[in-house]
Amino acid sequence: MARIAFIGLGNMGGGMAANLAKAGHDVRAFDLSAEALDKAKKAGCLPAQDANAAIEGAEAVITMLPAGRHVEAVYTDNILPHADAGAILIDCSTIDVATARRVAEAAAANGLAAVDAPVSGGIAAANAGSLTFMVGGSEAAFSRAEPFLSDMGKAVIHAGTSGAGQGAKICNNMMLGATMIATCESFALAEKLGLDLQKLYDIASVSSGQSWSITSYCPVPGVGPETPADRDYQGGFAAALMLKDLKLALEAAASVDAETPMAARAEELYENFANGDGATLDFSGIIKMLRG
């Protein structure tokens with residue numbers, strides 16, 4: 001059992017912290033939301049009065065925050081001044097590669113080991129402890145972080161040096177965003193052609209059009225395994241978050257002069273969807289817009 005500081009108890013962080021407590025760790029949790037702290041307490045965590053109180057004495061410090069500016073601020077103001085010298089720092093937020101590398105460099109300058117470890121799997125996987133972690137950092141830092149990540153996920157993969165976890169997450173979600181749009185377009189077209197959508201699923205799921213977006217996350221209700229489409233696109237992975245990840249992908253692409261035309265079009269479509277009534281809906285709900 002280890003003492004862990006967990007900062008950021010939102011839709012993802014709350015479930016992750018709960019699974020660490022379930023694994024027997026002493027989890028000192030902090031969030032600006034009193035409601036989130038109350039939920040964490042009910043899940044077996046000990047609410048801290050502030051971030052500094054959570055961090056002091058922790059063997060691992062885990063952050064799950066909205067954006068790079070939040071991560072950098074917490075590292076600068078709280079973690080680096082207050083973390084124990086032997087603590088492993090694990091940022092599970094999805095942020096830009098440059099900030100992830102900057103934070104890791106600042107940690108190293110303070111004699112601390114840090115990894116970027118963004119996740120794939122969504123809220124359901126966070127609650128179930130079945131997330132996939134893609135990790136950037138040194139081999140030594142990865143080895144220290146892996147046991148804690150394994151208590152929250154089904155797969156923990158070392159992607160490379162600092163920033164590589166964020167790079168892998170951005171590339172993965174760029175593929176997902178574009179693939180989901182193509183999947184939604186196909187089902188919307190099938191509807192207008194009068195095809196049976198279950199029959200299309202049966203064919204595409206075992207043919208060359210097969211993808212995770214079809215077999216695991218079909219965007220139409222009543223077809224395939226249960227997905228947010230069966231709950232009127234509530235829950236799951238919000239379209240606003242997919243838009244955020246696509247913007248990060250385009251930012252990263254621009255920084256290395258990479259051509260990403262599909263990502264650019266996907267970002268444009270998700271921008272339209274989110275600015276309409278889709279921001280809080282699951283990202284597969286973009287089929288509603290594509291249906292016209």
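## Residue classes

Ala, Val, Leu, Ile, Met, Phe, Trp, Tyr, Cys and Pro count here as nonpolar, Asp, Glu, Lys and Arg as charged, and the others, Gly among them, as polar. By these classes, the lining of the largest pocket holds 19 nonpolar, 21 polar and seven charged residues. The structure is a predicted model.

## The largest pocket

The largest pocket encloses about 1300 Å³ of space. It is lined by 47 residues, and those closest to its centre are Met12, Gly121, Gly122, Ile123 and Phe237.

Several elements give two or more residues each to this lining: the strands S7 (119-120) and S8 (131-136), and the helices H6 (122-128), H8 (164-192), H10 (212-215) and H11 (239-255). Helix H8 gives the most to the lining of the largest pocket, with six residues.

## The second largest pocket

About 330 Å³ of space lies in the second largest pocket. Its lining is made of 19 residues, of which Val97, Ile170, Ala252, Ala253 and Ser255 lie closest to the centre. By class, this lining has twelve nonpolar, four polar and three charged residues.

Three helices, H5 (97-109), H8 and H11, each supply at least two residues of the lining of the second largest pocket. Here H11 gives the most, with six residues.

## Elements at both pockets

Helix H8 gives two or more residues to the lining of the largest pocket and at least two to that of the second largest. Helix H11 likewise gives two or more residues to the largest pocket, and six to the second largest.

Definitions and conventions:
Residues are numbered from 1 along each chain as its sequence is written. This is a predicted model: local features need pLDDT of at least 70, side-chain atom pairs count only at pLDDT 80 or more; totals for chains, interfaces and linings use all residues. Side-chain values use heavy atoms; hydrogens and water are left out. On a 1 Å grid over the protein atoms alone, a cavity is a set of points where a 1.4 Å probe fits but cannot get out, and a pocket is an open set with protein on both sides within 12 Å along at least five of seven lines; lining residues have an atom within 4 Å of a point. Grid points are joined across faces, edges and corners, and a volume is the space filled by probe spheres set on the points. Helices (H or I, at least four residues) and strands (E, at least two) are DSSP runs, numbered from the N terminus.
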